[in-house]
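Let us walk through this structure together, one chain at a time. Have the viewer open and follow along as we go.

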Amino acid sequence: MDKDIREIIISSILIFLMVPIFVLAYIFIQNRRKKRYIEEKALMKLTFESELLKTQLEVQEQTMQTIGADLHDNIGQLLSLTSLTLNSIELDNEAKARQKIDAAIDLTVRSIKEMRLLGKLLQGDQLVKLGLSEAIRYEINWIERSGQHTVNYLNDGELPAASSPDKDLVLFRILQEMLNNIIKHAQATEITIRIDYEEGYLKLAVSDNGIGFDVADVTHHDAGMGLQNIKKRAAIIGGATTISSVPGAGTCVTVLTLYP
Amino acid sequence: MLVYLTCNTIIELACFSFALIFLTRDKNVIWKLAIVYLLITCTTELYAIYLKLDDKENGWLYNISIIFEALFISGMFYSLFNKHFNSKPIILIGLALFAIIYCWEIRDPEIISNIHERDGGFNDFTNIFMSILFAVYSFYYFLLLLKDDEYISVKSSANFWWAAGTFCYYFGSSIINILRIIPHPPRYRFLMYVLPILNWIIYGFWSYSFICRRWIRTSVR
């Protein structure tokens, strides 16, 4: 009996002495885990910020390319034509001169309009600050001007008033990459951009009627760099990318993300 | 003279020296009060030995020092908890309960002697209550640390080491204190080693926490 009591007492004392050791060990382990988690979070934030900066630079670069092309192909041509028209004026023939001056005025007005549009585009990522929808409309406007593509824009579900400028910028860049891919490789005539917003999720889908490709084949080669970029970009805003394409039957790229 | 240097007094005097060296210039009043508290503890311990050598009762002396112990430890927890929430109510409730049990035990000293022969008139019930209360406070402090989004650098956290020492001591000693009041308390030889070990743990951890306080102060500067 005395032996039993002695064992109970020794066990309870040992338990009471061991519990603090286990508690302290548990706190050590949890604290280390917390530290690792915080460090990983900080690293992810840093990666996100650097990707965001890269995206910003790419959007600006794309804008500069568009401006360069427009100055050369559009405004440059209009001003050359204006110069030619003004040079060809014969002051002796007043009626014909009037006609040419009117034509020159018309060309100048068109140049001014073009310049104004360029001015807005020059604002670069400022465009995204107007809202994702507005930025997409500007992008569509520039694509349609080439006359090679018909763009359908479908916007289902009102986007929330409180947007996320960072996400907007990344999504806008993803859209630019998708459109670049279509223009460069798809040989498409029709592009459909669709934005659906439902229950906190935003779905951006871009499809075309181009030549399509074998998804498995392209994503395994360097040729799929653009698509890899899209996937990587979507991942940094916590989005998922779906690429579906059939050779000869067009392509559809979808990005689904929490929004805002 | 050597009779005064016991296992307990050595570590208490060492801890008091650490407090004197590392906390004298501390800007936090509660931490600075650790010097005063440890001075009281060392004086009590040495005077208790003197009384014992003189064959006099020393329980009354511990009953006085327990008040300072309750006040200082509660003050420290108030300071630790305040970083997470307004801890004034729970600390005051704890102190009020302590005061009630203390007065009740002082007024009715037979409460325990009815169970068994009292150990030199020491307030055992109050001591058990205090042990449980501070063990719960320490445990709650660790829960707050776990819940907190920020992580602490354990190696240099004075608060953590102070609470760790307090937790080990009061949690471990609560069983010893309970064993003292049960009818026919066991008189095993190993029991007399447990409290000195716990004393070494608490004052060792506290001494390290005082060093951490100094690190914090010098690194901030």
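A residue is called buried when its relative accessible area is under 20%, exposed when that area is over 50%, and partly exposed in between, using a 1.4 Å probe and protein chains only. What you are looking at is a predicted model, in which local features need pLDDT of at least 70 and side-chain atom pairs count only at pLDDT 80 or more, while totals for chains, interfaces and linings use all residues. Residues are numbered from 1 along each chain as its sequence is written, chains are lettered from A and ligands numbered from 1 in the order in which they are written, and side-chain values use heavy atoms, with hydrogens and water left out.

Let us begin with chain B. Helices (H or I, at least four residues) and strands (E, at least two) are DSSP runs, numbered from the N terminus. By that rule chain B has eight helices and zero strands, so to trace this chain from its N terminus is to read α-α-α-α-α-α-α-α. Of its 221 residues, 48% count as buried.

A good place to stop in chain B is the pair of rings on B:Tyr47 and B:Trp60. Rings of Phe, Tyr and Trp (for Trp, its six-membered ring) pair if their centres lie within 6.5 Å; planes under 30 degrees apart count as stacked, over 60 as edge-to-face and the rest as tilted. Over all chains, this rule gives 36 aromatic pairs. In the case of B:Tyr47 and B:Trp60, the centres are 6.4 Å apart and the planes stand at 80°, so the pair is edge-to-face. B:Tyr47 belongs to helix H2 (residues 29-53) of chain B and B:Trp60 to helix H3 (residues 59-81) of chain B, so the pair ties together parts that are 13 residues apart in sequence. How accessible are these two residues? B:Tyr47 is partly exposed, with a relative accessible area of 36%, and B:Trp60 also counts as partly exposed, at 41%.

Now move along chain B to two later helices. Two packed helices are described by the angle between their axes and the distance between the axes. Here, axes are lines fitted to C-alpha atoms, for helices over the stretch in contact, and angles run from 0 to 180 degrees between N-to-C directions. The axes of H6 (residues 124-147) and H7 (residues 158-181) of chain B come within 8 Å and cross at roughly 145°. The residues of this contact divide into 18 nonpolar, eight polar and two charged. For that tally, Ala, Val, Leu, Ile, Met, Phe, Trp, Tyr, Cys and Pro count as nonpolar, Asp, Glu, Lys and Arg as charged, and the others, Gly among them, as polar.

Turn next to chain A and its helix H5 (165-186). The expected span of a helix is 1.5 Å times one less than its number of residues. For the 22 residues of H5(A) that gives 32 Å, and the end C-alpha atoms are 30 Å apart, which agrees. H5(A) is mostly covered, with 16 of its 22 residues buried. After H5(A) comes A:Gln187, which has a positive phi of about 50° although it is not a glycine. A:Gln187 sits in the loop between H5 and strand S2 (190-198) of chain A, and at 63% relative accessibility it counts as exposed. Further on, A:Glu199 has a phi near 45°, again a positive value in a residue other than glycine. Its place is the loop between S2 and strand S3 (201-208) of chain A, and at 73% relative accessibility A:Glu199 counts as exposed.

H5(A) also takes part in some charged contacts. A salt bridge is a side-chain nitrogen of Lys or Arg within 4 Å of a carboxyl oxygen of Asp or Glu, and the count comes to 11 over all chains. One of them joins A:Arg173 and A:Glu58 at 2.9 Å, N to O. This pair links distant parts of the chain, with A:Arg173 in helix H5 and A:Glu58 in helix H1 of chain A, 115 residues apart. A:Arg173 is buried at 8% relative accessibility, and A:Glu58 is buried at 18%.

A:Glu58 also meets A:Arg233 in a salt bridge, at 3.0 Å from N to O. A:Arg233 lies in helix H7 of chain A, 175 residues from A:Glu58, and both residues are buried. Another bridge joins A:Lys232 and A:Glu51 at 3.4 Å, N to O. It connects helix H7 (residues 225-236) with helix H1 (residues 2-87) of chain A, across 181 residues. A:Glu51 is buried, at 8%, whereas A:Lys232 is partly exposed, at 39%. Together, A:Glu51, A:Glu58, A:Arg173, A:Glu177, A:Lys232 and A:Arg233 are linked in a network of salt bridges.
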